[in-house]
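Please open the structure in your viewer and keep the selection panel at hand. The tour below proceeds from one selection to the next and says what is found at each stop.

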Amino acid sequence: MTVAASTPRASGAIGVRQPLIDGVEKVTGQARYTADLPAAGALVGAILRSPVAHGEIRRIDTSRARALPGVQQQAGAGEVGAGAGADEARFARITVL
Amino acid sequence: VAKRILSLTVNGRRREDAVADHTLLLDYLREALQLTGTKRGCDGGECGACTVLIDGAPQLACITLAARCEGRHVETVEALATDGRMSRLQAAFHEKLGTQCGYCTPGMIMAAEALLRGTPTPTEAEIRAALSGNLCRCTGYVKIIESVQAAVDAGAREAAR
């Protein structure tokens, strides 16, 4: 649905409210943000977080998760490494961050 | 996953849809019905971006199960404009710049809509209280309050005519 703008008439720009060019879309819910775009067929990720703050990581068993139907990939420190050259580790390796 | 047939009214239209028991109202609206005007902000009931009306009362769709809306009337921001005309609140938010990035705007407008239906001429304190569950990270609320006040004034002018 398109909605007509009712823009106030302005003779000059200074001291006059200038409505946003996409204001009508925003107030009517028609504006499309990234999260509103359809993503048919997109893979969905899920993050497993540690139940223990700053816990020691002994092992992470993902065998049951990987065995679920439709699972494409599982990634952790063992798969992608700590991230050489990055200034922050992508995944915790020894202790939970 | 257990599903059920959900019967409800969305934006004036009766619907029956199969939804999983754990489906959130927000996901039902955005994904099943493509009503993406209702925004996912914090996803935890803190920011108000997902505010919709259930039987006229403002509710947070991100912490409401779709199944809880059986037999109810759900209204989203998409329902407010009629025949291509913005509602008074929508026009006021547009003209008074109550919207900037716009992400909080649908929730703000729905919360204000609920207020004005019950209290057509609220005080500024009542407007602030009604919008106290809606966070904005752009405009700083002054223009949002002004926008609601402008809609109130426009309604009063129309009633006096």
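Is B:Y141 buried or partly exposed? Select B:Y141 in this predicted model: with a relative accessible area of 27%, the residue is partly exposed, because buried would require a value under 20%. B:Y141 sits in the loop between α4 (124-130) and α5 of chain B, and its phi is positive, about 80°, although the residue is not a glycine.

Next, select B:D55, which lies in the loop between β3 and β4 (57-60) of chain B. Here too phi is positive in a residue other than glycine, with a value near 50°, and B:D55 is partly exposed at a relative accessible area of 45%.

**Chain B as a whole**

Now display chain B in cartoon form, where 5 helices and 5 strands can be traced. Following the sequence, the elements come in the pattern β-β-α-β-β-β-α-α-α-α. The radius of gyration of chain B is 16 Å, close to the 15 Å that the globule rule gives for 161 residues, so the chain is as compact as a globular protein of that length. Along the principal axes, the C-alpha atoms of chain B fill a box of roughly 50 × 35 × 25 Å. If you colour by burial, 51% of the 161 residues in chain B should appear as buried, and if you draw contacts between residues at least 6 apart in sequence, 53% of these join residues at least 24 apart. With the surface switched on, the accessible area of chain B is about 7,700 Å², of which carbon and sulfur atoms hold 48%. Chain B carries 19 positive and 19 negative charges, and the mean positions of the two sets are 2 Å apart.

**Helix α1 of chain B**

Select residues 25-32 of chain B, which form helix α1; 6 of its 8 residues are buried, so the helix is largely enclosed by the rest of the structure. The buried residues in α1(B) are B:L25, B:L26, B:D27, B:Y28, B:L29 and B:R30, and their cover includes β1 (3-10), β2 (13-20), β3 (51-54) and β5 (73-75) of chain B. After α1(B) comes B:Q34, with a positive phi near 55°.

Move on to B:T38, in the loop between α1 and β3 of chain B. At 2% relative accessibility, B:T38 counts as buried, and among the residues it touches are B:L26, B:L29 and B:R30 as well as B:V52, B:T76 and B:E78. For a distance check, draw a line from the C-alpha atom of B:T38 to that of B:C136, 98 residues apart along the chain, and the separation is 15 Å.

**Helix α2 and the partner chain**

Select residues 88-95 of chain B for helix α2, in which 6 of the 8 residues are buried, so that this helix is largely enclosed by the rest of the structure. Its buried residues are B:L89, B:Q90, B:A91, B:A92, B:F93 and B:H94. What covers them includes α1 (23-28) of chain A, together with α3 (105-118) and α5 (142-160) of chain B. B:L97, which follows α2(B), has a positive phi near 60°.

Finally, show both chains and select their contacts, where 24 residues of chain A meet 27 residues of chain B. The area buried between chain A and chain B is about 2,000 Å², with 55% given by carbon and sulfur atoms. Highlight A:R17, A:V27 and A:Y33, which supply 33% of the area that chain A buries against chain B, more than any other three residues.

Note on methods
Residues are numbered from 1 along each chain as its sequence is written. Chains are lettered from A and ligands numbered from 1 in the order in which they are written. This is a predicted model: local features need pLDDT of at least 70, side-chain atom pairs count only at pLDDT 80 or more; totals for chains, interfaces and linings use all residues. Side-chain values use heavy atoms; hydrogens and water are left out. Helices (H or I, at least four residues) and strands (E, at least two) are DSSP runs, numbered from the N terminus. The radius of gyration is taken over C-alpha atoms; the globule rule is 2.2 Å times the number of residues to the power 0.38. Buried means under 20% relative accessible area, exposed over 50%, partly exposed in between (1.4 Å probe, protein chains only). Contact means heavy atoms within 4.5 Å. Accessible areas come from the Shrake-Rupley method with a 1.4 Å probe; for residues, only the protein chains shown count as cover. Lys and Arg count as positive and Asp and Glu as negative; His and the chain ends are not counted. The place of a charge is taken as NZ of Lys, CZ of Arg, CG of Asp or CD of Glu. Buried area is the accessible area (1.4 Å probe) that two parts lose on being put together, summed over both. Lists of a residue's contacts leave out its neighbours within four places in sequence.
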